[in-house]
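Welcome! Here is a short, friendly tour of a protein structure that may be new to you. Take a look at it first, and then read on, topic by topic.

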Amino acid sequence: MQITEHIASLSEEGRLLAAAAEQAGPGASVPTCPGWQIRHLLRHTGMVHRWAAAFLTEGHAAYHPDGGEPDLDGAELLAWFREGHSHLVRSLEEAPADLECWTFLPAPSPLAFWSRRQLNETTVHRVDAESALGGPLTPVPATRAVDGIDELLTGFHARPKSRVRSDKPRTLRVRAVDTAATWTVRISEDPPQTVRTAGEGSAEHADCELSGTAEGLYLALWNRLPLTAVTLRGDRAVARLWTDNSAVTW
């Protein structure tokens with residue numbers, strides 16, 4: 001996906017998140033984030049938006065801490081969230097192509113990294129906000145879902161921080177049936193190693209395969225849909241290894 005597409009989609013996802021949050025109300029429970037209410041979701045996501053925007057506008061060359069979550073609620077909190085989201089979108093739109101600042105995953109450029117990262121951050125939390133309403137979720141286009149799976153598997157879980165480990169080597173295959181994308185995830189005592197291929201993927205044996213639409217896989221891998229939302233073949237324990245240990249902070 002192109003940076004401009006990421007930014008346009010981020011703009012829309014933030015609007016959808018705010019609309020769902022407003023409809024649900026600040027005290028509504030968020031089923032996909034046990035223990036959270038909408039107010040916690042808005043505070044967290046709004047804080048992340050401002051944190052990310054600071055790298056874009058202030059050019060921090062190293063990690064810079066966030067400003068913390070506000071002690072706001074109700075309409076004031078919702079307005080604060082919308083203001084921060086709009087500021088993030090503007091910061092991305094106005095950033096130079098040769099922007100230099102800190103990032104924490106491989107990417108073609110810092111601008112490509114932050115536009116992609118904040119799009120996926122906001123999409124996942126938009127799903128959280130909509131889950132509080134109990135109705136259908138706004139669809140995630142397949143191209144975007146594949147890009148989000150890439151970031152999760154080849155970015156976040158390639159890092160030493162990943163807790164997806166196994167004393168016995170295991171292989172998880174992820175296959176998006178509505179695209180040409182297949183991922184083979186090798187799990188061991190070290191951080192997972194993921195290879196993306198086209199079509200049915202590698203002929204290598206997989207202990208477990210998750211298949212489904214790119215959207216279904218994207219949300220299941222981010223633990224926003226249960227494993228029953230996709231098709232599971234093989235050793236369910238390998239899939240549980242993922243769901244029990246794959247939660248990401250940053």
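A residue is called buried when its relative accessible area is under 20%, exposed when that area is over 50%, and partly exposed in between. By that yardstick Arg170, at 14%, is buried. Please keep in mind that this is a predicted model. The notes below walk through its charged pairs, its aromatic rings, one helix, one polar residue and its cysteines.

**Salt bridges**

- Side chains of opposite charge can pair when their charged atoms come close.
- The structure holds 17 salt bridges, and a few of them are picked out here.
- Arg170 pairs with Asp235 in a salt bridge whose closest N and O atoms are 2.4 Å apart. This pair links distant parts of the chain, with Arg170 in strand S1 (residues 170-176) and Asp235 in the loop between strand S5 (231-234) and helix H7 (236-245), 65 residues apart.
- Is each partner buried or exposed, or something in between? Arg170 is buried because its relative accessible area is 14%, while Asp235, at 27%, counts as partly exposed.
- Arg196 and Asp150 meet through their side chains in another salt bridge, at 2.4 Å from N to O. Arg196 belongs to strand S3 (residues 193-198) and Asp150 to helix H5 (residues 142-155), so this bridge ties together parts that are 46 residues apart in sequence.
- In that pair, Arg196 is partly exposed at 42% relative accessibility, whereas Asp150 is buried at 12%.
- Asp73 and Arg39 form a salt bridge too, with their closest N and O atoms 2.9 Å apart. Here the link runs between the loop joining H2 and H3, where Asp73 sits, and helix H2, which holds Arg39; the two residues are 34 residues apart.
- Arg39 has a relative accessible area of 19%, so it counts as buried. Asp73, at 32%, is partly exposed.
- Salt bridges can also join up: Glu13, Arg126, Glu130 and Arg144 are linked in a network of them.

**Aromatic rings**

- There are 15 aromatic pairs in the structure.
- Phe55 and Trp114 make a stacked pair, with 5.2 Å between ring centres and 15° between the planes. Phe55 lies in helix H2 (residues 38-58) and Trp114 in helix H4 (residues 110-131), so the pair ties together parts that are 59 residues apart in sequence. Both Phe55 and Trp114 are buried.
- Trp114 also pairs with Phe104, this time edge-to-face: the centres are 6.2 Å apart and the planes meet at 80°. Phe104 is in the loop between helix H3 (74-94) and H4, and Trp114 is in helix H4, so to speak 10 residues along the chain from its partner. Phe104 and Trp114 are both buried.
- Which residues make up the aromatic cluster? Trp51, Phe55, Tyr63, Trp102, Phe104, Phe113, Trp114, Phe156 and Trp222 form one cluster together.

**Helix H1**

- Helix H1 (residues 3-24) has 22 residues, which should span 32 Å at 1.5 Å a residue; its end C-alpha atoms are 31 Å apart, so the two values agree.
- The buried residues of H1 include His6, Ile7, Leu10, Glu13 and Leu17. Glu13 is also part of the salt-bridge network described above.
- What covers these buried residues of H1? The cover includes H2, H3, H4 and H5.
- Just after H1 comes Gly25, which takes a positive phi of about 95°.

**Asn120**

- Asn120 lies in helix H4, and it is buried because its relative accessibility is 4%.
- The side chain of Asn120 makes a polar contact with the side chain of Glu151, at 3.1 Å.
- Setting aside neighbours within four places in sequence, Asn120 is in contact with Gly148, Glu151 and Tyr218.

**Cysteines**

- How many disulfides are there? The count comes to zero, with a disulfide taken as a pair of cysteine sulfur atoms within 2.5 Å.
- Cys101 counts as buried because its relative accessibility is 11%.
- Cys208 is buried as well, with a relative accessible area of 1%.

Terms used
Residues are numbered from 1 along each chain as its sequence is written. This is a predicted model: local features need pLDDT of at least 70, side-chain atom pairs count only at pLDDT 80 or more; totals for chains, interfaces and linings use all residues. Side-chain values use heavy atoms; hydrogens and water are left out. Buried means under 20% relative accessible area, exposed over 50%, partly exposed in between (1.4 Å probe, protein chains only). Rings of Phe, Tyr and Trp (its six-membered ring) pair if their centres lie within 6.5 Å; planes under 30 degrees apart count as stacked, over 60 as edge-to-face and the rest as tilted. Helices (H or I, at least four residues) and strands (E, at least two) are DSSP runs, numbered from the N terminus. A salt bridge is a side-chain nitrogen of Lys or Arg within 4 Å of a carboxyl oxygen of Asp or Glu. A polar contact is a pair of N or O atoms within 3.5 Å; within protein, one must be able to donate a hydrogen and the other to accept it, and residues adjacent in sequence count only if both atoms are side-chain atoms. Contact means heavy atoms within 4.5 Å. The expected span of a helix is 1.5 Å times one less than its number of residues.
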